[in-house]
Amino acid sequence: MDELTDAEAIILAGKGDNDAFSVLYQRYVKRIYNYIYYRTSSPHDAEDLTERVFFRALNHIHNYRNRGVPFSAWLYRIAHNLVANWHRDNKRRREVPLDDFVYSIRLGDHPESSIVKRQEIEGLLHVIQKLPVERQNLLILKFVERMSNEEIAKIMGRSEGAIKSLYHRTLLSLRDDLGLDLGGE
Amino acid sequence: MMMETHFLTGIEKDLSVYLKPVDPDPEFVQTLGSRLSRPQAVSLERRQDGIVAGVLVVLALVCGAFLLWTLRRG
């Protein structure tokens, strides 16, 4: 089963083959979890929403039509919609401190520098979470999922050039939001 | 221009250091994988949700209609 391509697994899963769907699940669960994790800052909610993504995918995979974009784009689209609903229903959660999230990402290796690092990470994540959703998605796909611009373009339904341009504007925006003043230097 | 490039490179470096993939809890992954291989439980759950939602919508419509009728009579 593991040797199945995505296209083969999708066809079989659409006919009710649970083993084929399991192949797709094992292939993409970590990516989808990471995407949601970085969009919600909550391991608990990331698990909850990841579960919903895959149950929704399972229930609708017979309707899936290959339109030349990767299967993962379909899963990311489901995840994106569920995260958007989650943010709409839990607006107050945006105010939740990033403490636990930050701890789970990086800290621990160097206790002596952890406070400084912690502040740096918190600052960066705070700024990222205030970016428009499209830019957050781009950063997650590029740095967490380690995708190329070409792959990101397929997932986000844009041209590669548009992604490059969006990425550059996102970096400029981050620079401004982080308060890095270039003018007087 | 060089200064800007320098800062952008710095930001990229920070992003690649701090935005790392995380591993989901293996127990969560395994449990969810098992549940996905038993889809009967899922459809049952969805059907119940649909019924509850339907009953709530009908109740809300009936209450709304009754309220409108009462206000118009008054």
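**Note on a predicted two-chain model**

1. The two chains meet through 23 residues of chain B, which are in contact with 30 residues of chain A. On the side of chain B that touches chain A, the elements giving two or more residues are α1 (2-18), α2 (26-36) and α3 (39-73) of chain B, and α1(B) gives the most, with 10 residues. By character, the residues on this side of chain B divide into 16 nonpolar, three polar and four charged. Please keep in mind, here and below, that this is a predicted model.

2. How far the predictor trusts chain A depends on where one looks. The chain averages a pLDDT of 84, and 83% of its residues score at least 70. Confidence in chain A is highest in α3(A), at a mean of 95, and lowest in helix α5(A), residues 99-105, at a mean of 57. Over residues 181-185 of chain A the pLDDT stays under 50, and for this stretch the model has four contacts beyond four places in sequence.

3. The largest nonpolar core has 41 residues, and those with the most contacts inside it are F21(A), I32(A), I36(A), L75(A) and A79(A). At least two residues of this core are supplied by each of the helices α1 (6-14), α2 (18-40), α3 (43-60), α4 (71-89), α7 (133-144), α8 (149-156) and α9 (160-177) of chain A. The largest share, 13 residues, comes from α2(A). Because domain 1 (1-96) and domain 2 (131-185) of chain A both give residues to this core, the core lies between them.

4. F21(A) deserves a separate look, as it is among the residues with the most contacts inside that core. Leaving aside residues up to four places away in sequence, F21(A) touches A13(A), L58(A) and I61(A) within its own chain, and also L36(B) in the other chain.

5. Which residues of α1(A) are buried? They are A9(A), I10(A) and A13(A), the last of which is also touched by F21(A). Seen down the axis of α1(A), the buried residues fall within an arc of 100°, and therefore they line one face of the helix. What covers these buried residues includes α2 and α4 of chain A, two helices that also supply residues to the core described above.

6. A last point concerns the backbone just beyond this helix, where the reader may wish to check the angles: α1(A) is followed by G16(A), whose phi is positive, near 95°.

Notes. Residues numbered from 1 in each chain as written. Chains lettered and ligands numbered in written order. Predicted model: local features only at pLDDT ≥ 70, side-chain atom pairs only at ≥ 80, totals over all residues. Core = buried A, V, L, I, M, F, W, Y, C linked by C-beta atoms within 7 Å. Buried ≥ 20, exposed ≤ 12 C-beta atoms within 10 Å, placed from the backbone. Helix = DSSP H or I, 4+ residues; strand = E, 2+ residues; numbered from the N terminus. Domains from an automatic or database assignment. Contact = placed C-beta atoms within 7 Å. pLDDT = per-residue confidence, 0-100. Nonpolar A, V, L, I, M, F, W, Y, C, P; charged D, E, K, R; others polar. Arc of directions from axis to C-beta.
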